[in-house]
Amino acid sequence: MAVGIYFATTTGKTEDIAERLHQMLSTAESPKDLADLPDLNEFQTLDGIICGIPTWNTGADSERSGTAWDSLLEDIAALSLKGKKVALFGLGDSSTYTENFCDAMEELHSYFIKAGATMVGYVSKENYTFEESKSVIGDYFCGLPLDEDSESDMTDERLSNWSIQLKKEMTGL
Ligand SMILES: Cc1cc2nc3c(=O)[nH]c(=O)nc-3n(C[C@H](O)[C@H](O)[C@H](O)COP(=O)(O)O)c2cc1C
């Protein structure tokens, strides 16, 4: 059983979280920067895929991340990921960007759904303070939102809870 962790970042925070998550999920492979991958074919060799994405393009409907993920969305949709479990974590700022908190996560989520993946790792929107997020579906975020700008003191607990959740929901961990 193989699980990979992938991230893209502009100022390094999503990479830092990917490393911290890897310490908690030691059976997963070491985190890889999406910008260094030649293509996404290795996604098809895995049982589980964990992806980290920040939001930079505030309010945008498309290409919300502002990172390497944006140009790979159609490539994700073209993959066949049926039977694979995918979990997302998003980096954002719930204070300064409270009307667009972690918006990019949902865009990535929609493309993995197109590829046939089974999405796991949803997190209740309770315990977060924000106005709006495209990444809320019903009462849940479609992944784990993290805020290293305004709520970094909550990150350890959020990561720890999520890693326990993923060990239950994701094959291979
Ligand atoms: C110009 C700018 C725009 C941003 N837009 C958003 C946004 O729309 N929503 C959000 O939640 N965070 C937003 N952020 C916060 C970043 O997503 C956050 O700092 C994140 O941790 C950056 O991750 P990275 O270091 O991996 O790139 C923005 C930050 C800046 C400086």
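Leaving aside neighbours within four places in sequence, with which residues is His22 in contact? In this predicted model, the partners are Ile5, Ala28, Glu29, Ser30 and Pro31. His22 itself belongs to helix 1, which covers residues 13-24. With a relative accessibility of 18%, His22 counts as buried, because the cut-off for that class is under 20%. Ala28 deserves a second look here: a polar atom of the His22 side chain lies 2.9 Å from the backbone oxygen of Ala28.

Thr67 offers a second site to visit. This residue sits in the loop that runs between strand 3 (48-54) and helix 2 (73-77). Its relative accessibility is 10%, so Thr67 counts as buried. Once residues up to four places away in sequence are set aside, Thr67 touches Ala8, Thr9, Thr10, Pro54 and Trp56. The side chain of Thr67 also makes a polar contact of 2.5 Å with the side chain of Ser65. As for Glu29, one of the contacts of His22, its C-alpha atom is separated by 22 Å from that of Thr67, with the two positions 38 residues apart along the chain.

Further along the chain, attention turns to a sheet. Here, 3 strands in the order 6-8-7 make up an open sheet with antiparallel pairing. Strand 6 (123-124) and strand 7 (136-137) are the edge strands, each pairing on one side only. Strand 6 and strand 8 (residues 140-141) run antiparallel and are joined by 2 bridges. Within this arrangement, Val123 stands opposite Phe141 of strand 8.

How values were computed:
Residues are numbered from 1 along each chain as its sequence is written. This is a predicted model: local features need pLDDT of at least 70, side-chain atom pairs count only at pLDDT 80 or more; totals for chains, interfaces and linings use all residues. Side-chain values use heavy atoms; hydrogens and water are left out. Helices (H or I, at least four residues) and strands (E, at least two) are DSSP runs, numbered from the N terminus. Buried means under 20% relative accessible area, exposed over 50%, partly exposed in between (1.4 Å probe, protein chains only). A polar contact is a pair of N or O atoms within 3.5 Å; within protein, one must be able to donate a hydrogen and the other to accept it, and residues adjacent in sequence count only if both atoms are side-chain atoms. Contact means heavy atoms within 4.5 Å. Two strands pair if DSSP finds at least two bridges between them.
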